[in-house]
Amino acid sequence: ALSGSNNFFGIKAGANESGTSKRTWEESGGKAYNTTARFRDFESPQASVDHLVSRWHQDYQGYSGVNNSGSASDAAHSLRAQGYATDSKYATKLIDIMKRNGY
């Protein structure tokens with residue numbers, strides 16, 4: 001399910017960005033909890049992809065682009081380490097999905 005309008009990646013909305021509030025779960029300090037979060041709305045699917053690429057696939061502010069990773073597994077760990085997801089098992093889950101799909 002989309003987290004916001006044309007938001008395929010669960011990207012959160014900033015204070016001054018259009019967003020859709022949805023129930024979700026987060027993890028903090030090793031504990032999962034349910035909460036409501038605002039997820040960014042995008043004008044189109046392409047705008048969602050462009051945003052993701054500009055932030056996570058390139059060096060952006062304090063983030064090192066995942067394109068600098070040596071492998072898909074390294075990229076998954078890099079995304080988690082740089083705060084893309086709060087789920088402590090995010091990298092493992094992403095790697096499992098890649099393996100199941102032949103990557």
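Here are a few exercises with worked solutions on a predicted model.

**Exercise 1. Find which residues of helix H2 are buried, and decide how they are arranged around the axis.**

Solution. Start with the helix itself, which spans residues 72-81. Step one is to pick out the buried positions: Ala75, Ala76, Ser78 and Leu79. Step two is to look down the axis: these residues cover an arc of only 160 degrees, which puts them on the same side of H2. Step three is to see what they face. The buried residues of H2 pack against helix H1 (45-56) and helix H3 (90-100).

Now try a residue in the same helix, Ala81. Is Ala81 buried or exposed? The cut-off for exposed is over 50% relative accessible area. Ala81 has a relative accessibility of 68%, so it counts as exposed. Just past the end of H2, Gly83 adopts a positive phi of about 90 degrees.

**Exercise 2. List the members of the largest nonpolar core, and say which elements give two or more residues to it.**

Solution. The core has seven residues in all: Leu52, Trp56, Val66, Ala75, Leu79, Ala85 and Tyr90. Helices H1 and H2 are the elements that contribute two or more of them. To get a feel for this region, take Leu79 and set aside residues up to four places away in sequence. Its contacts are then Trp56, Val66, Tyr84, Ala85, Tyr90 and Leu94.

**Exercise 3. Work out how H2 and H3 are oriented relative to each other.**

Solution. First, take the geometry: the packing angle is about 150 degrees, and the axes lie 8 Å apart. Second, apply the cut-off, by which angles over 145 degrees count as roughly antiparallel. H2 and H3 are therefore roughly antiparallel to each other. Third, add the handedness, which is right-handed for this crossing. Finally, name the residues that make the contact. H2 supplies Ala72, Ser73, Ala76, His77, Leu79 and Arg80, while H3 supplies Tyr90, Ala91, Leu94, Ile95 and Met98.

Two C-alpha distances let you check this pairing on screen. Ala81 and Ala91 are 10 residues apart along the chain, with their C-alpha atoms separated by 8.9 Å. For Ile95 and Ala76, 19 residues apart along the chain, the separation is 6.8 Å.

**Exercise 4. Describe the two sides of helix H3, then place Ile95 in that picture.**

Solution. Begin with the buried set, made up of Tyr90, Ala91, Ile95 and Met98. Seen down the axis of H3, these residues fall within an arc of 125 degrees, so they line one face of the helix. Among what covers them is H2. Next, turn to the face pointing away from the buried side, where you will find the exposed residues Lys99 and Arg100.

With both sides in place, zoom in on Ile95, which sits in H3. Its relative accessible area is 11%, so Ile95 is buried. Leaving aside neighbours within four places in sequence, Ile95 is in contact with Ser73, Ala76 and His77. Just after H3 comes Gly102, with a positive phi of about 80 degrees.

**Exercise 5. Locate Asn6 and classify its exposure.**

Solution. Look in the segment before strand S1 (19-28), where Asn6 is placed. Check the backbone next: phi of Asn6 is near 55 degrees, a positive value in a residue other than glycine. Then compare its accessibility with the cut-offs, which are under 20% for buried and over 50% for exposed. At 21% relative accessibility, Asn6 therefore counts as partly exposed.

Notes:
Residues are numbered from 1 along each chain as its sequence is written. This is a predicted model: local features need pLDDT of at least 70, side-chain atom pairs count only at pLDDT 80 or more; totals for chains, interfaces and linings use all residues. Side-chain values use heavy atoms; hydrogens and water are left out. Buried means under 20% relative accessible area, exposed over 50%, partly exposed in between (1.4 Å probe, protein chains only). Helices (H or I, at least four residues) and strands (E, at least two) are DSSP runs, numbered from the N terminus. The arc is that of the directions from the helix axis to the C-beta atoms. Contact means heavy atoms within 4.5 Å. A nonpolar core is a set of buried Ala, Val, Leu, Ile, Met, Phe, Trp, Tyr and Cys residues joined through side-chain atoms within 4.5 Å. Axes are lines fitted to C-alpha atoms, for helices over the stretch in contact, and angles run from 0 to 180 degrees between N-to-C directions. Angles under 35 degrees count as roughly parallel, over 145 as roughly antiparallel, 65 to 115 as roughly perpendicular and the rest as oblique. A crossing is left-handed if the near helix is turned anticlockwise from the far one by less than a right angle, and right-handed if clockwise.
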